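This report looks at how two helices pack, at the regions a database record marks, and at a pocket. Please keep the sequence and the model open while reading.

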Amino acid sequence: MEQTEIGKFIAECRREKKLTQAQLAEKLNITDRAVSKWETGKSMPDSSIMLELCGILGITVNELLSGEKIDTGIYEKKADENLLALKRKDENNRKRNGIVSLLFSAALLTGILVCLICDLAASGGLTWSPIPVSSIAFAWAVAFPGILLGKRGGAASLISLSVFIVPYLFLLSSLVKEKEIFSVGTAAAVPSVLFLWIIAAVFTRFWKKRKGFALGITFLLAVPFILIINVILSKMLAVAVFDIWDMLAVFLLLISAFVSFFCDCRTGPQ
């Protein structure tokens with residue numbers, strides 16, 4: 001699949017239907033800038049609107065991916081070629097992600113070995129090294145699924161974080177011999193993980209077509225999240241619920257939310 005050829009084909013079909021870029025964009029509920037990017041080969045139509053686009057242009061998805069009209073006699077051949085191209089692209093992405101995840105794992109393993117060797121050499125035993133080793137292992141458990149799976153790995157990393165965060169805090173508390181690390185850390189970690197799941201749901205629902213709206217919702221939700229965390233910490237650590245820095249953070253979040261919503265209204269769905 002050649003993006004440039006597909007873009008030229010989209011432009012040709014659009015003109016055959018006597019549609020401007022703006023008119024096509026309006027029918028698809030996106031911006032004309034997105035249509036322009038397709039036709040210049042800078043991006044591809046999102047899979048969520050590909051069927052609707054083909055319906056408007058009077059072509060099949062297979063013709064769109066081929067970048068040309070397909071005769072009935074060679075339709076199956078073109079379908080197989082496009083399927084193979086998609087499969088090849090997916091395989092290349094998996095190989096690349098596999099190599100990156102392997103290098104990432106090797107780097108963290110090197111860090112673990114350095115910590116253990118230095119600890120053994122300096123103190124003749126394992127004294128401080130279990131603390132960074134456990135932290136490195138936790139970081140690997142959270143990041144590895146996301147790196148390995150690429151775009152589809154965000155949910156896997158979030159699941160890993162949800163599963164391992166409390167055991168990690170318990171282990172860290174035991175190693176440092178400070179119970180507050182587990183109690184305070186867990187009290188803050190639970191709403192934090194819940195907040196991340198909510199943001200992930202917002203981005204999944206809106207990011208493709210309404211990036212500004214997704215960012216605006218994220219900034220707004222961060223305000224009550226800060227309040228909840230501050231209330232928890234104030235009760236457990238006997239500190240003020242709000243200070244000047246918290247107020248400044250809330251102000252900046254509200255400004256960012258306003259700017260994001262304003263930009264979303266100006267650009268519309270993409």
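When the directions of two helices are compared from N to C, an angle over 145 degrees counts as roughly antiparallel. In this predicted model, the axes of helix α7 (residues 130-149) and helix α8 (residues 154-176) come within 10 Å and cross at roughly 180°. The two helices, α7 and α8, are therefore roughly antiparallel to each other. On the α7 side the contact is made by residues including Pro130, Ser134, Phe138, Val142 and Leu149, and on the α8 side by residues including Ala156, Ser160, Phe164, Tyr168 and Val176. Sorted by class, the residues of this contact between α7 and α8 comprise 17 nonpolar and five polar residues, with no charged ones.

The unreviewed UniProt entry annotates residues 98-122, 128-149, 156-175, 181-203, 212-232 and 244-263 as "transmembrane region", and the same record gives the annotation "domain: HTH cro/C1-type" to residues 10-64. The table sets out the computed content of three of these annotated spans.

| Span | Helix | Strand | Distance between end C-alpha atoms |
|---|---|---|---|
| residues 10-64 | 69% | 0% | 7 Å |
| residues 156-175 | 100% | 0% | 28 Å |
| residues 181-203 | 100% | 0% | 31 Å |

In the span annotated as the HTH cro/C1-type domain, then, the end C-alpha atoms lie 7 Å apart, whereas for residues 181-203 the corresponding atoms lie 31 Å apart.

The last topic is the largest pocket, which holds about 1,400 Å³ of space. It is lined by 36 residues, of which Pro45, Asp46, Ser47, Lys151 and Lys208 are the closest to its centre. Two or more lining residues come from each of the elements α1 (3-16), α3 (32-39), α4 (47-57), α6 (75-123) and α9 (179-206). Which element gives the most to the lining of this pocket? That element is α6, which gives seven residues. By class, the lining of the largest pocket has 14 nonpolar, ten polar and twelve charged residues, while the contact of α7 with α8 has no charged residues.

Note on methods. Residues numbered from 1 in each chain as written. Predicted model: local features only at pLDDT ≥ 70, side-chain atom pairs only at ≥ 80, totals over all residues. Heavy atoms only, no water. 1 Å grid on protein atoms, 1.4 Å probe; cavity = no way out; pocket = protein on both sides within 12 Å on 5 of 7 lines; lining within 4 Å. Points joined across faces, edges and corners; volume = space filled by probe spheres on them. Helix = DSSP H or I, 4+ residues; strand = E, 2+ residues; numbered from the N terminus. Nonpolar A, V, L, I, M, F, W, Y, C, P; charged D, E, K, R; others polar. UniProt positions renumbered as here; feature names shortened; annotations may be inferred. Axes fitted to C-alpha atoms, helices over the stretch in contact; angles between N-to-C directions. Parallel < 35°, antiparallel > 145°, perpendicular 65-115°, else oblique. Contact = heavy atoms within 4.5 Å.
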